[in-house]
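Here are some short exercises to work through with the model open on your screen. Try each task before you read the solution below it.

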Amino acid sequence: MLNISFRDLFSYFGTAKNVRQDGCVLADINETAILKLAEQPFRIDAYCLILCIEGECIVNIREKEHQITSGDLFLVIPTMYRITMCHNHTFSAKGLFLCTSYLNQYMLPVLCSNSLFTHIMQHPIYKMGAEQYIQVSSIMQNIHWMACNSEHSRFNDEAIRNGVAMLLYVIGDYLQRIMSIQGTKISMLNRREEYCFRFIDLLIKCPKASLRINYYAEQLCLTTKYLSALILETTGKTAKNWIDDFVIFEARFLLHYSDMSIQQIAFELDFPNQSFFGKFFKKHTGYSPRNFRLHYYK
């Protein structure tokens, strides 16, 4: 599996028009990058907003296929992906890539909620109308213009951050309208919900620490007992259930889409050995890893 760190983004999505600020990358994505990524499963260590300008492709996200076409907005969290098809060789898109610390520092408390985050996980493709597409595209172009045509200064950095914030708020408003129609209530994060969001963010991005609850508590400067109670009260699921669900998802994805051996997958997910991984996987799925790989998707 390919792990694309925030630093590596330029090598995969790089063009001469790319713009980079600390914690924020605005890049042009072309068919070359898409075809390169279509070779194997991959994970991007960033939150991304990808606006499809031309062409289409199919992306597998959490074992579901989603078609991205011209005018679509693709909202990406740091999970596993696989591009299964690129329908033509004229694909192009604009991508805004943000590291978690950028979101945490500048806009997380205002923008995010557990319900909004869950909605994005379940519905990563947003099909925009013509006016919405023009608005999102224009804001992206303005961010690019500010970064390319101004000298580095405190004012320019703030202008870019405000441009990114405006883009996220506009998209958040679109999503809130959709969720209101669906009857889903959105509330801004309180302190406990913010801890919950950060726990899930760590869980998504740290598969090798996934079996250790105390790891997440240490990262959040909380006791294991308090974190467990907080997650249960906020989400209705225990921290252990969240962890197990994500580990099983990672394991199923790697068994289905990668060429890694079962032993390699066990090591990738930080199990002490293949036997322990096999028992864990069978307990949660009813299949041994080998039988799952051989028979389940046939």
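**Exercise 1. Which side chain does aspartate 244 join in a polar contact, and how long is the contact?**

This is a predicted model, so treat each value as computed from predicted atoms. Step one: find aspartate 244, which lies in helix α11 (residues 239-257). Step two: look from its side chain to that of lysine 240; a polar contact of 2.8 Å joins the two. Step three: check the surroundings. Aspartate 244 has 7% relative accessibility, so it counts as buried.

**Exercise 2. Find the ring that the charged end of lysine 237 sits over.**

Start at the charged end of lysine 237 and look for a ring beneath. The ring belongs to tryptophan 242, and the charged end is 4.2 Å from its centre.

**Exercise 3. Work out where the buried residues of α10 (224-235) sit around the helix axis.**

First, check the length. Twelve residues at 1.5 Å a residue should span 16 Å, and the end C-alpha atoms of α10 are indeed 16 Å apart. Next, pick out the buried residues: Leu227, Leu230 and Ile231. These cover an arc of only 95° around the axis, so they are on the same side of α10. Now flip the helix over. The face turned away from the buried side carries the exposed residues Lys225 and Glu233. Finally, step just past the end of α10: glycine 236 takes a positive phi of about 85° there.

**Exercise 4. Do the same for α13 (residues 274-285), and look at what comes just before and after.**

Length again: α13 has twelve residues and reaches 16 Å from its first C-alpha to its last, close to the 16 Å expected. Its buried residues are Phe277, Gly278, Phe280 and Phe281. Seen down the axis, these fall within an arc of 170°, so they line one face of the helix. On the face turned away from the buried side you'll find the exposed residues Lys279 and Lys283.

Then try the ends. At the start of α13, a side-chain oxygen of asparagine 273 reaches to within 3.1 Å of the backbone nitrogen of serine 275. Just after the helix, glycine 286 takes a positive phi of about 85°.

**Exercise 5. Hunt down two residues other than glycine with a positive phi.**

Some background helps here: most residues other than glycine have a negative phi. Begin in the loop between α9 (213-219) and α10, where you'll find cysteine 221. Its phi is near 60°. Cysteine 221 is exposed because its relative accessible area is 71%, over the 50% cut-off.

Now move to the loop between α12 (262-268) and α13, the place of aspartate 270. Here phi is about 70°. With a relative accessible area of 37%, aspartate 270 is partly exposed.

**Exercise 6. How many aromatic pairs does the whole structure hold, and how are the rings arranged in two of them?**

A reminder before you start: a pair of aromatic rings is described by the distance of the centres and the angle of the planes. The search finds ten aromatic pairs. One of them joins tyrosine 215 and tyrosine 216, with 5.3 Å centre to centre and 85° between the planes. That angle is over 60 degrees, so the pair is edge-to-face. Both tyrosine 215 and tyrosine 216 are buried.

The pair of tyrosine 287 and phenylalanine 292 is edge-to-face too, at 6.4 Å centre to centre and 70° between the planes. Compare the accessibility of the partners: tyrosine 287 counts as partly exposed at 33%, whereas phenylalanine 292 counts as buried at 0%. As a last step, zoom out. Ring pairs link Phe271, Phe276, Phe277, Phe280, Phe281, Tyr287 and Phe292 into a cluster. Phe277, Phe280 and Phe281 should look familiar, as they are among the buried residues of α13.

**Exercise 7. How many disulfides does the structure hold, and why is cysteine 52 not bonded to cysteine 57?**

A search of the whole structure finds zero disulfides. For cysteine 52, the closest cysteine sulfur is in cysteine 57, and at 6.9 Å it is too far for a bond. The cut-off you need for this step is 2.5 Å between the sulfur atoms. As for its setting, cysteine 52 counts as buried, at 0% relative accessibility.

Notes:
Residues are numbered from 1 along each chain as its sequence is written. This is a predicted model: local features need pLDDT of at least 70, side-chain atom pairs count only at pLDDT 80 or more; totals for chains, interfaces and linings use all residues. Side-chain values use heavy atoms; hydrogens and water are left out. Rings of Phe, Tyr and Trp (its six-membered ring) pair if their centres lie within 6.5 Å; planes under 30 degrees apart count as stacked, over 60 as edge-to-face and the rest as tilted. Buried means under 20% relative accessible area, exposed over 50%, partly exposed in between (1.4 Å probe, protein chains only). A charge sits over a ring if NZ of Lys or CZ of Arg is within 6 Å of the ring centre and within 35 degrees of the ring normal. Helices (H or I, at least four residues) and strands (E, at least two) are DSSP runs, numbered from the N terminus. The expected span of a helix is 1.5 Å times one less than its number of residues. The arc is that of the directions from the helix axis to the C-beta atoms. A polar contact is a pair of N or O atoms within 3.5 Å; within protein, one must be able to donate a hydrogen and the other to accept it, and residues adjacent in sequence count only if both atoms are side-chain atoms.
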